[in-house]
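Let's take a walk through this one together. Have the sequence and the coordinates open side by side, and click along as we go.

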Amino acid sequence: MAMTVAGLERRLTALLDAFLGATLLAMLLVIVVLVVMRYGFQSGLVGANETATMAFVYVSSLGAAVAIGRDEHVRVNFLAARLGARPRAHLQSLAAVLVGVLNLTLLFGGMAWIAETGHTPMPVTQVPRVVLQASIPIGCGLAVLFCVTRLVALRRDGARR
Amino acid sequence: MTVLLLVSLLVLIALGIPVAYSLGLSVLLYVGLTDAHLALSMPVRLMAGFNSYALMSLPLFILMGQLMNASKITARLIDFSMLLAGRFRGGLGLVNVLASMLFGGISGSSASDTASIGSVLIPEMERRGYRKEVAAGITVASSTMGMVIPPSIPMVLYGVVAQQSIGRLFLGGVLPGIMVGTLQMVLVRILAGHAPVETGAFSARVAIRRTARSLPVLLMPLVVVGAVVLGIATATESAALGVLYAALAGFLLTRALTFSGLWNGLRSSALTSSKIMIVIALSQAYTWVLALERVPESIASYVVELGLGATGTLLLVNLFVLVAGTVIDVSPAILLLTPVFAPALESLGVSPILFGVLLVTGLAVGACTPPVGTCLNVCAAIAGLDIARIFRGAAPFLMANAATLVIVTIFPRIALWLPELLIP
């Protein structure tokens, strides 16, 4: 069971990793084209800023979830580094639970927010806001999933010890 | 409630919960105890944090630095620095500082400066008779310039949080950054003066060839910072142009960049920037709650009541920033300290540009001090030394940073002259 979870986590992380790289590339290209159009052709690119912003928000939201899976978020390990293996594992489990609870709250709050305002269009592209707003519940949902896989991994490591 | 907000944050951070989520959990605890309905507005705060055009420059500046690293430009910068400083006693130490100064104008990040310069120069300095902790110490201390000399990722962060012109902040960092480097070179000359002369004199032909080889790399900061300062492009657009420049330099000039290197850079930059962005987004929720509790106003009135004047208060804030930098990473420190101190200092007539420059210069020292110094950890991995020994090696050279902080606080024109001259 734990091995299956680890395999699924690896595949999901690889998929999201590729998505992040491709989305950042798209954002970069939109900005470069915008500058080239402005100075090369004295023209603009309708909706370029909104499109680039959307790409950036998805990179930030989904990237934060991937960083939970990889345990790469900025933290102060001063106390944890001084603890033995077992208390450190308990502390890491507590951290995973708390981060999961926060993301679950943001997930539900995000869905309520979308239900209220998601149908309104964005000013330039006229794309419904839900396309942008959905990045929050999707990112938070993935973060909750990665918190669960962290807990499974910590439990597996504990059983091995 | 204010005490609960601050204590809960410190406890959560001390427990090892990621800084971003410690901020979010403190806010959740606060709204849970005051008005649970406010929790529903947290996703809106999160989106407000993510949804910033200026912050789009973050992943692009990170990518620019990574592509320059992958393009193996370090060797060219070291060659060029050798030309200028290699003939003096302690020359490799001077070359290390000079190369960091030039690299700081390209990468915008101290950690990548430590990694790329350290991996080449630490073994070479050790081979030429420098003690390893001194070589590692000079590398770490000189990498602090990466944050101060533009383009600088921490300056972008400060600019967004304090709503200040990023172009003016970039310019504000130029002279203090050069001052840090110059003072560090003086210290290297004094402390490592017994080291042998590294090179003889260069022929004019060698000097011209090395300069020509380095020129495209040396021009890069002028292109990136110049575009912002001259109003040709926004910080985000100039970062995108910087990425394009770095990619072209890597593919066509050094021919060391590959498509897989580009792809790895894209993936890694996206992940690195999202780790900063989630701190930014949740710190905005935290500062929103601080504002509800009127914390910035309380601190501002307390600071004014202290009666220390602008310079005295700024010196005190510098000391606080140096201490805070030892336990908290640069980005979260900027996001937490700016909303707390900026209004107080502004009420005393301190320029927000000056505070930004001092904040970043002070926090850069924190990146070289235990227990959370990012540059120390990067250097430990490269040099194979423990961080305490590297810090002992770096400490004398970090005095240059401390001296710069004091001098710029007393003579603010050093930071403000260039921005006022070029962006009135």
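What follows is a tour of confidence, enclosed spaces, cysteines, one helix and a few backbone oddities.

Before anything else, keep in mind that this is a predicted model. For the complex, the predictor reports an ipTM of 0.93 and a pTM of 0.84. Chain A comes out with an average pLDDT of 90, and 98% of the residues score at least 70. Where in chain A is confidence lowest, and where is it highest? The low end is helix α1(A), residues 2–41, with a mean of 89, and the high end is helix α4(A), residues 130–133, at 95. Chain B has a mean pLDDT of 86, with 96% of its residues at 70 or more. As a general habit, the predicted coordinates should not be read in detail where pLDDT is low.

Now to the spaces inside. The search turns up 2 cavities of 30 Å³ or more. The largest cavity has a volume of about 70 Å³, and residues of both chains line it. On the chain A side you'll find S61(A), A64(A), A65(A), N103(A), L106(A), G139(A), C140(A) and A143(A), while chain B brings Y21(B), L46(B), F50(B) and I278(B). In terms of helices, α2 (48–69), α3 (85–117) and α5 (135–160) of chain A, along with α3 (42–50) of chain B, each give at least two residues to this lining. By class, the lining of the largest cavity has 9 nonpolar residues, 3 polar ones and no charged ones.

The second largest cavity holds about 40 Å³ of space. Its lining counts 10 residues, and nearest the centre are G325(B), I328(B), V330(B), G366(B) and A367(B). What classes make up the lining of the second largest cavity? There are 5 nonpolar, 4 polar and 1 charged residues.

Next, an open space: the second largest pocket, with a volume of about 820 Å³. Of the 28 residues lining this pocket, L6(B), L10(B), F320(B), A324(B) and L337(B) are the closest to its centre. Helices α1 (2–14), α15 (259–292), α16 (295–306), α17 (309–327) and α18 (330–347) of chain B each contribute at least two lining residues. Which helix supplies the largest share of the lining? That would be α17(B), with 7 residues. The pocket's lining is made up of 27 nonpolar residues and 1 polar residue, with no charged ones.

Back to C140(A), which we met in the lining of the largest cavity, for a look at the cysteines. Across all chains, the disulfide count is 0. C140(A) is in no disulfide, and its nearest cysteine sulfur, in C147(A), sits 10 Å away. C140(A) has a relative accessible area of 4%, so it counts as buried. Over in chain B, why does C375(B) have no bond to C368(B)? The sulfur of C368(B) is the closest cysteine sulfur to that of C375(B), but the two are 4.9 Å apart, which is too far for a bond, given that a disulfide needs the sulfur atoms within 2.5 Å. C375(B) is also buried, at 2% relative accessible area.

Let's follow one helix from end to end. Helix α14(B) covers residues 235–253, which makes 19 residues; at 1.5 Å a residue, it should span 27 Å, and its end C-alpha atoms lie 25 Å apart, so expectation and model agree. Its buried residues include A235(B), T236(B), E237(B) and S238(B) at the start, and A246(B), A247(B), A249(B) and G250(B) further along.

After α14(B) comes R255(B), in the loop between α14 and α15 of chain B. R255(B) is not a glycine, yet has a positive phi of about 55°. Is R255(B) buried or exposed? With 67% relative accessibility, R255(B) counts as exposed. Chain A has its own case in D71(A), a non-glycine residue with a positive phi of about 55°. D71(A) belongs to the loop between α2 and α3 of chain A and is partly exposed, at 32% relative accessible area.

One last backbone stop: the peptide bond from P150(B) to P151(B) is cis, with omega near -5°. You'll find P151(B) in the loop between α9 (145–148) and α10 (153–162) of chain B.

Definitions and conventions: Residues numbered from 1 in each chain as written. Chains lettered and ligands numbered in written order. Predicted model: local features only at pLDDT ≥ 70, side-chain atom pairs only at ≥ 80, totals over all residues. Heavy atoms only, no water. Helix = DSSP H or I, 4+ residues; strand = E, 2+ residues; numbered from the N terminus. Expected span 1.5 Å × (residues − 1). Buried < 20%, exposed > 50% of the residue type's maximum accessible area, 1.4 Å probe, protein only. pLDDT = per-residue confidence, 0-100. 1 Å grid on protein atoms, 1.4 Å probe; cavity = no way out; pocket = protein on both sides within 12 Å on 5 of 7 lines; lining within 4 Å. Points joined across faces, edges and corners; volume = space filled by probe spheres on them. Nonpolar A, V, L, I, M, F, W, Y, C, P; charged D, E, K, R; others polar.
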